[in-house]
Amino acid sequence: MKISNHRSRRAALAVALGSVLALTATACGDDGSGTGGDKGSEGSGKGEIVFWDNNGGVRTDIWKEIIADFEKANPDIKVEYVGIAATEYQSKVDTAIQGGGLPDVGGVGAAMAAGFAAQGALEPLDGRLAKSSLNGKLNEAMTESLKSAGGGDALYSIPTSANNGVLYYRTDLFKAAGLDAPTTWDKFYKAAEKLTDKDKNKFGYTIRGGAGSIAQALDAMYGQSGITSFWDSSGEKTTVNDPKNVAALEKYVGLYKKVTPAADLNNDFTKMVAQFDSGTIGMLNHNLGSYQDHVKAFGDKFRGIPQPTGPGGKRVQVSNPVDGLGVFKSSKNKEAAWKFIEFAMSHEQNSKFNESAGQVPANNDAAQDEWIQKAEPTKLAAAALTDGSTSIVQLPYYLPDWNTISKADNEPAFQKVMDGQTSAKEFLDSLADQLNTAQAEWNEQKG
């Protein structure tokens, strides 16, 4: 059923690639009369532009600060900020691509770039970057990651930051229990069990069962199995249902309700982070984005370290999507939209943004700033990504269906694994079938 649904979606996407979508982008450009299927225009470089934040609420305050700085430096441009929750962003953009209302500029992370680009919604930015003050200033690996995610033919998004999986743990609770830091998976499981006292509502871990659960589950799987590639040697079959990954997922999901709260079944990252920060949970897997929340909750009574090491002391983790900003093709004021991106990605502004987010800056000068040395999780994450200690399993962000497969299609299915309705093997075999089909169609299109 799911596979046939994917085929129909891909068929619809193929039609979209070969035809012009008649969209009325009422929120875009100088006069708000842009048509999503047209090529837009450069515009006057003045007036109002609309910016959609793909992590509204979480990043609203810092973006409003950057926008205020931008408007002060560019008094002839006004930016209308629209904050959209991360869990709703893709569907809102997809709806606007089909029915109108795209902004001038918006968040375009690696996980979404392929789908937006394949529908012809994004403006190629290679030429603008080459002529701008940002040329040579951006992290090359992040830039290439976004280019690959968009299909590899053009750069549709300018990187703002890189995230990384982090294991946060309560140092005070570990010390009181006589536990070593959870630097290996064996130590992680031991600590999860020892820190749990259900009668006192204390748990060793909080597992993500709601929105965003698949990426975290994949991280735990590959981290334990030690498998370092998402595809086998043929490049046609995924390794997600390799027996080692199946065994790893069984062990990981076995934590649910044994050493975790029952509420975890429906927890997205905001609920999971809030639950950890309430003070009764020993460990949390999230990313750099929640670091400041934990500082506010615990001060210096916690640490954020790279994912545990597995077989042979090797650390394996899945790739975290690089975030970025893109210009929508239907914009009637691309010049002003680009000015905003160029400003936001300057040394000072990119450093300010990432210090707030606790992430690794894309601007190379910003990445050298003093705050990174003081933010241990960010410092350790940057080192883990660059010092050769970590093998990265590259997730297939380039597949137009990746975001749908990894979210809408399989998050409910993962919940069934957690509550015992479906086995880990059944779940991973189904996921593998969907991925293999999407990969075959992608290879056929590229060929």
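This is a short dialogue on reading a sheet and one of its residues.

Reader: What kind of model is this, and how are residues numbered?

Author: The model is predicted: local features need pLDDT of at least 70, side-chain atom pairs count only at pLDDT 80 or more, and totals for chains, interfaces and linings use all residues. Residues are numbered from 1 along each chain as its sequence is written, and side-chain values use heavy atoms, with hydrogens and water left out.

Reader: How do I read the strand order of the open sheet?

Author: Strands of a sheet pair through backbone hydrogen bonds, either parallel or antiparallel. Strands here are DSSP runs (E, at least two residues), numbered from the N terminus, and two of them pair if DSSP finds at least two bridges between them. In this open sheet of 4 strands the order is β6-β7-β5-β8, with mixed pairing. β6 (203–206) and β8 (303–306) each have a single partner strand, so one side of each is left without a neighbour in the sheet.

Reader: In which sense do β5 and β7 pair?

Author: β5 (residues 165–169) and β7 (residues 281–287) are antiparallel, over 5 bridges. One example is L167, whose bridge partner in β7 is N285.

Reader: Is T206 buried or exposed?

Author: Buried means under 20% relative accessible area, exposed over 50%, partly exposed in between (1.4 Å probe, protein chains only). T206, in strand β6, is buried, at 0%.

Reader: Which residues is T206 in contact with beyond its sequence neighbours?

Author: Contact means heavy atoms within 4.5 Å. Leaving aside neighbours within four places in sequence, the contacts of T206 include P261, F276 and M283.
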